[in-house]
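Hi everyone, thanks for coming. I'd like to walk you through a structure that is new to most of you, so get comfortable and have a look at the screen.

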Amino acid sequence: MLRRRAITPNSAWVHRGATWDLRTCYVRVSGPTGGAHFALTKLEERKSLLQADADFYLFNKLSEQLLERINSKRRLDDRTLNLFRSRNTRLKCVRISDSPAITPEGLRTLREHKLTELHCTRMESLTVGLILDCLSEDTIRNLTSLDVSRCTFIDISRHSMMMHLTNLKQLKSLNVSFTEFNQQTLEMICEDLTQLEYLNISGTWVQCVKPLLLLKHRLLALVASDLRWINLMTQYIIKLDMLRHLDISLIHERFESIQNTAICDILESPETLPNLVSLDISGWRDLIPKGTMLTYLKHHPRMKYLGLVLNPIAFELFLSEPEHDPETELELRVAGLGNEEQIILALRRHYDRHNYVQKALYHLFQLTDGFAASRSDVFQLVILAMATHPKRFGVQMAATACLYNLTRGEISKQIHPKYLSRAVDLTLDAMESFPGEYQLQKNALLTLCSDRILQDVDFDRYRCAKIVLDSLCTFEEVNMNRMSVAICSILAAKISTRETSELGGQTAYMKKLLAMVQQRVDNGNSDITMKFTLSALWNLTDESAATCAVFLENGGAELFLDVLKVFKTDTAVETKVLGLLNNIAEVDILRGRLLVEPLVQELYGLLTYDMIDVSYFAAGIVAHLASDGADSWTVHELPREKLLQALEAAVVNWGVPDNEMVAYRSFKPFFPLLKVGVDYRVQLWAVWAVHHVCTKNSKRYCDMLKEEHGVELLQNLIDDVNTHEMAVDKCREVLRHISPPTLFDLRTSIVCTATIIDATTAALGGGATRQQVQELRQ
């Protein structure tokens, strides 16, 4: 008999091998045949996993956290709601927001639970009446908190559903902000809902709050923002003696013309509302006299919070620098724009009000310019603002400027990669939303152009590279272009070959990059932008035949020949140019287009270059061009044999480089050169290249060589008597790196080596042929 297991928030085990992961919102189910991950999108293709297993049960807190997490990922619909049946979960507090895929049928799952709190906001597809109809009788009797802000009370037939509210007799907290809630409904709930302690009627059609006097001995909090007739209401508000929290702020710009008579009525009656702990009068822009505010605060010693966002009085010394104002000492937290503390509090409490956030970020930007250390608290508030207002240009503009200041230089190293990853995603969202905004795009590029971000942080690098290339093609500004190609040069090396092909295959991107190179060839200026552009092109063509083809179609080969001539002896430029031409030479159907006399002549001269980096890449191109055999060689001015002799001389004379000269995605382009029967000089270069990276970076390349079955090719070369001695030695060294010899192997090797030396010496003394010596060596 299987026992029913309950899952606690700290548990990672679920009966029958199913594990919920709250961070990523997927279910992992494992069994005797292996495991499988079912993302939430996959759940739609199946019946509820929980429904199918009656032994599966989640406690209250975990159930609520899971529901909230799924909602935050915008994956909540009827089928995912069906996971939360009462036999598998327990819900008391439900938070659902902006989930248009939910229907009344799906929401009826809540009828199986006894809820005490329901937050169902921004549900355009459901009326408040339908929401309440989906609740059980137990919930209706015991619900203490209801939030239906930005929902509608009107159904398709325009029939009001407001009467439903009067059935919630135990309700203590009600939020109907920005709905059709009206004067008549206010009168009804003030008569019927006698337990109300918190009421939010912001943005509604209430014209008079006199009915609230029925609740004057119980109402503790009133939020009445953006009410058209607020100036007529304060005469009743000041009679609500038990109020501890009052918010009569203005949010939307359309209310800016309202005169602050409401504020005057309250502040000039300092003896009223004696129990106030917090007062929010943000958004009222008319200057409040300093004396009036000081008098009011002195009559309210319990006051802990004062909202003054957008009001100039927040800049007064007694509020912005109270430690320097001898007139008063207030233990008060102020949300405003007067100092850093005020701005942070404004962003924290009013992150959902875009006009407040835009102004706060503007002032914050000026402060962050002087930050010398990481500020995780500020950083998270900025990305919260970006996420909350993705289509508000003013917010995104100010936020991207702040992000740069908060991540520049060494500061970024002190920020957790998780937060940096989120910041990058939001920055890319902003770039996509406002592609033509020069300053915003520049702010974003300044943030992205960071080694810490590009190298250590996890994000969609392909998406980033594409957006940055779009920006590069849109703007002709020197600094922006430099940052764009710098970002792309790094990202192109970190994305898949399929993705580099998709990017490099875009003719517009290729033309822009080549035009930037052409401009510097014409000017004879190999600046840092030139080097970044060449690196970007090099990485985009790496193992990407499509990108190589677009490069050639747009005159890239001819341009790069000019680059080699104009920037002769500039090693950094020559290396990048030859590296890209190597990528083209690796593509068998394209390499013939490099067999032109001027380019081959240039390569012949570079084979003997003093700098091994340049000589190495020139040799690689020659090796690939010569690998197709004598019949494919079309440059009669320079015979293939002459190039091969120069290739052998170059490789034999190379020393051991100090550092790893190049990074490869795979060894597959080398495999045609490592086959038995290929000219031994071509083999020699390929073996030297494999040996170089495998000895300089064994951890990466030795495993890669094994996984791609390159070890067999090296062993075949060792077994072939025609393989060059140097190539055989290099092959053996690589194999020793892959499989280090045991103590027994070493002892055997010493004995065998001694025997071979003796036999070889005797053979040479007796006039043995090279082939006989090779046989002895085998």
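**A walk through the model**

Let's start with one residue: D98 has a relative accessibility of 33%, so it counts as partly exposed. Before I go on, please keep in mind that this is a predicted model. D98 sits in the loop between strand 6 and helix 4, which covers 104–107. Its phi is positive, about 50 degrees, even though D98 isn't a glycine. Most residues other than glycine have a negative phi.

Now here's another one to look at. D226 also isn't a glycine, and its phi is positive too, near 50 degrees. You'll find D226 in the loop between strand 11 (221–223) and helix 8 (234–237). Is D226 buried or exposed? With a relative accessible area of 0%, and the cut-off for buried being under 20%, D226 is buried.

Okay, let's zoom out. The chain has 778 residues, and 53% of them count as buried. It contains 35 helices and 15 strands. The accessible surface comes to about 35500 Å², and carbon and sulfur atoms account for 50% of that. If you take contacts between residues at least 6 apart in sequence, 70% of them join residues at least 24 apart.

On to the sheet. How are its strands ordered? Ten strands make an open sheet, running 6-7-8-9-10-11-12-13-14-15, with parallel pairing. Strand 6 (93–97) and strand 15 (333–335) are at the edges, and each has a single partner strand, so one side of each has no neighbour in the sheet. On average, neighbouring strands here are turned by 5 degrees against each other, ignoring direction. To pick one pair, strand 8 (145–147) and strand 9 (173–175) run parallel and share three bridges. Within that pair, S145 has S173 of strand 9 as its bridge partner.

Next, the nonpolar cores. The largest one has 157 residues, and the members that touch the most others are L361, Y616 and W685. Helix 28, residues 612–626, gives the most to this core, with eleven residues. There is another core apart from it, with 85 residues, including L67, V206, L267 and L319.

Let's go back to L361 for a second. What does L361 touch, once we leave aside its neighbours within four places in sequence? Its contacts are L347, V382, A385, V395, A398, A399 and C402.

Some of those names come up again in helix 15. The buried residues of helix 15 include V395, A398, A399 and C402. This helix is mostly covered, with eleven of its 15 residues buried. Among the elements covering them are helix 13 (354–368), helix 14, helix 16 and helix 17. From first C-alpha to last, helix 15 reaches 21 Å, close to the 21 Å expected at 1.5 Å a residue. Right after helix 15 comes G409, with a positive phi near 60 degrees.

Last stop, helix 16, residues 417–433. It has 17 residues and reaches 24 Å between its first and last C-alpha, close to the expected 24 Å. Its buried residues include L420, V424, L428 and M431. In an α-helix there are 3.6 residues a turn, so residues three or four places apart point the same way. And what do the buried residues of helix 16 pack against? That would be helix 14 (376–388), helix 15 (393–407), helix 17 (438–448), helix 18 (451–456) and helix 19 (461–474).

That's my tour, so over to you.

Conventions. Residues numbered from 1 in each chain as written. Predicted model: local features only at pLDDT ≥ 70, side-chain atom pairs only at ≥ 80, totals over all residues. Heavy atoms only, no water. Helix = DSSP H or I, 4+ residues; strand = E, 2+ residues; numbered from the N terminus. Expected span 1.5 Å × (residues − 1). Buried < 20%, exposed > 50% of the residue type's maximum accessible area, 1.4 Å probe, protein only. Contact = heavy atoms within 4.5 Å. Areas by Shrake-Rupley, 256 points an atom, 1.4 Å probe, with all protein chains shown as cover. Pairing = 2+ DSSP bridges. Axes fitted to C-alpha atoms, helices over the stretch in contact; angles between N-to-C directions. Core = buried A, V, L, I, M, F, W, Y, C linked by side-chain atoms within 4.5 Å.
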